[in-house]
Amino acid sequence: MNDISDSKQIDKLLAKPALISDRGFSERVSLRTRRLSNARRNLFLMTGLSWIALMLVATSPQTLYADLLILAQSMELGSFYSYIVNQIEHALTPPEQLPYTAFAVAILSLAAVVSMAIRA
Amino acid sequence: MTNESLLIFKAVTRQDNDAFSSLVRMHQGKIRAYLMRLCKSYDLADDIAQETFLTAFRKLHSFKGEGNFSGWLFSIAHNCFLQHIRKTKRRSDITQQFSSEQEIHAEKYDEICTEQMDLEQALRNLNADETATITLCHSFGFSHQEVSDILSMPLGSVKSNISRGKTKLTNLLTAENGLEKAS
């Protein structure tokens with residue numbers, strides 16, 4: 001055996017550390033990070049879907065539409081926007097009120113889910 | 001831009017799993033060797049190394065690209081090790097238990113010669129701070145200041161731990177050689 005008690009020899013040995021071989025370690029970590037990513041994405045999607053379900057259960061489509069209308073009007077985007085709002089309001093007047101509002105809510109919900117899926 | 005920088009960029013900005021896996025492959029050998037020296041157990045070192053990489057993955061957004069990625073990983077690894085110690089609350093027990101129980105297994109390493117095995121064995125007699133500072137500074141090439149930042153340890157303590165650790169190492173290896181020569 002070589003004499004490794006010499007200080008310089010110890011420095012040389014320390015400078016060449018024995019590295020642990022992989023033996024599937026990286027794959028195990030990758031598997032866990034993928035699981036973590038999937039769990040995050042699923043959680044995000046579930047939150048989005050729960051929010052939509054809650055909105056649909058807790059509020060009627062008409063109320064939801066009225067809230068969105070108030071929000072849109074408060075934004076004051078000018079006459080073009082008012083024209084659009086008036087057109088929608090006109091289209092949603094009885095007797096076809098329920099199908100149109102339901103359709104609008106469905107479109108908004110779909111847009112919310114798609115945006116959440118993209119973000120996730 | 002180097003290959004590593006590109007992988008870091010992809011992993012940080014896009015949370016890219018493949019890029020992160022490549023980074024794990026690049027750094028696992030060093031991180032596990034470092035943790036092995038601290039824990040004195042291959043299984044425990046592997047568990048803490050896995051926790052290290054998962055923590056790094058979760059905290060990728062906090063890596064701002066300042067300093068090197070390797071140093072950032074060592075810092076997380078050391079914190080994971082300390083957390084484990086705090087959790088078990090048996091720091092000295094663990095050290096003594098593993099230093100007496102575990103042998104160096106050559107098959108666990110990519111490549112290890114007899115002298116390196118003797119050195120690894122001698123390193124088991126040092127305390128965690130001495131082992132950490134010597135390993136980071138002499139084995140993985142970090143400066144004293146970088147080691148101080150990684151371990152959150154005052155610069156003076158880093159220097160004194162290295163000095164004390166190296167004296168211990170020299171004495172241990174001298175004694176071991178003396179015994180072998182006598183026999």
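**Notebook: cores and contacts of chains A and B**

I looked up the largest nonpolar core of this predicted model, and it has 45 residues, with B:L35, B:I48, B:A77 and B:L136 having the most contacts inside it. A nonpolar core is a set of buried Ala, Val, Leu, Ile, Met, Phe, Trp, Tyr and Cys residues joined through C-beta atoms within 7 Å. Buried means that 20 or more other C-beta atoms lie within 10 Å of a residue's own, with C-beta atoms placed from the backbone.

I recorded that this is a predicted model, in which local features need pLDDT of at least 70, side-chain atom pairs count only at pLDDT 80 or more, and totals for chains, interfaces and linings use all residues. Residues are numbered from 1 along each chain as its sequence is written, and chains are lettered from A in the order in which they are written.

I then asked which element gives the most to the 45-residue core. It is α2(B), with ten residues; helices are DSSP runs (H or I, at least four residues) numbered from the N terminus.

I checked B:A77, leaving aside neighbours within four places in sequence, and found B:I31, B:Y34, B:L35, B:I48, B:A49 and B:T52 in contact with it (C-beta atoms, placed from the backbone, within 7 Å).

I next turned to where the chains meet. Chain A puts 27 residues into the contact and chain B 37. On the side of chain A, α2(A) gives the most, with ten residues.

Last, I examined α8(B), residues 144-151, where B:E146, B:V147, B:I150 and B:L151 are buried. Seen down the helix axis, these buried residues fall within an arc of 120°, so they line one face of α8(B); the arc is that of the directions from the axis to the C-beta atoms.

Conventions: A residue is buried if 20 or more other C-beta atoms lie within 10 Å of its own, exposed if 12 or fewer, and partly exposed in between; C-beta atoms are placed from the backbone. Helices (H or I, at least four residues) and strands (E, at least two) are DSSP runs, numbered from the N terminus. Two residues are in contact if their C-beta atoms, placed from the backbone, lie within 7 Å.
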